[in-house]
Amino acid sequence: MKRSERKLFQIGDEIKALQEAERLAHEELIYHQHLNDDAQRDAAVSGNPLDRADARETAGDVDRFERHLSNLRSQRERLEAKRQRLLAKLHD
């Protein structure tokens, strides 16, 4: 097997792993969004400083997971572009 073919298989495996990481991060983001919705509602209704602090914390969790998911997508997209370039080389 040629080096470029081995590289393609390796990239394919990395893409699969990133897709699974994306799926898991997306599921966790949904969970944190639900927690954040509840915390924001509690803070708005009660006005309690502890509820407001909790709301800030959960909003931060949502932001972190959104960034994490975005980074995973970017990594996967870069690998997919690399895979396409390698495939184009093989067909030339």
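**Exercise 1.** In which helix do Glu20 and Arg23 lie, and how many residues apart are they?

*Solution.* The model is predicted. Step 1: find the two residues; Glu20 and Arg23 are both in helix α1. Step 2: take their spacing, which is three residues, or about one turn of the helix. Step 3: look at the side chains, which form a salt bridge with an N to O distance of 2.7 Å. Step 4: classify the exposure. Buried means under 20% relative accessible area and exposed means over 50%, with partly exposed in between. Glu20 has 36%, so Glu20 is partly exposed. Arg23 has 44%, so Arg23 is partly exposed too.

**Exercise 2.** Compare the span of helix α2 with the span expected at 1.5 Å a residue.

*Solution.* Step 1: count the residues of α2, which are 43. Step 2: the expected span is 1.5 Å times one less than the number of residues, and for α2 this comes to 63 Å. Step 3: the end C-alpha atoms of α2 are 63 Å apart, so the two values agree. Helix α1, with 44 residues, reaches 63 Å, close to the expected 64 Å.

**Exercise 3.** Trace the salt-bridge network that includes Arg73 and Glu80.

*Solution.* Step 1: start at Arg73, whose side chain meets that of Glu22 in a salt bridge (3.6 Å, N to O). Arg73 belongs to α2 and Glu22 to α1, so this pair ties together parts that are 51 residues apart in sequence. Step 2: go to Glu80, which forms a salt bridge with Arg76, the closest N and O atoms being 3.1 Å apart. These two residues are in α2, four residues apart, about one helical turn. Step 3: join the pieces; salt bridges with shared partners link Glu22, Arg73, Arg76 and Glu80 into one network. Step 4: check the exposure of the members. Glu22 is buried at 10% and Arg76 is buried at 15%, whereas Arg73 at 37% and Glu80 at 22% are partly exposed.

**Exercise 4.** Which residue's side chain makes a polar contact with the side chain of Asn36?

*Solution.* Step 1: place Asn36, which lies in helix α1. Step 2: its relative accessible area is 12%, so Asn36 is buried. Step 3: list what Asn36 touches, leaving out residues up to four places away in sequence: Ala55, Thr58, Ala59 and Val62. Step 4: pick out the polar contact, which joins the side chains of Asn36 and Thr58 at 2.8 Å.

Conventions: Residues numbered from 1 in each chain as written. Predicted model: local features only at pLDDT ≥ 70, side-chain atom pairs only at ≥ 80, totals over all residues. Heavy atoms only, no water. Buried < 20%, exposed > 50% of the residue type's maximum accessible area, 1.4 Å probe, protein only. Polar contact = N/O pair within 3.5 Å; in protein donor to acceptor, adjacent residues only side chain to side chain. Contact = heavy atoms within 4.5 Å. Salt bridge = Lys/Arg side-chain N within 4 Å of Asp/Glu carboxyl O.
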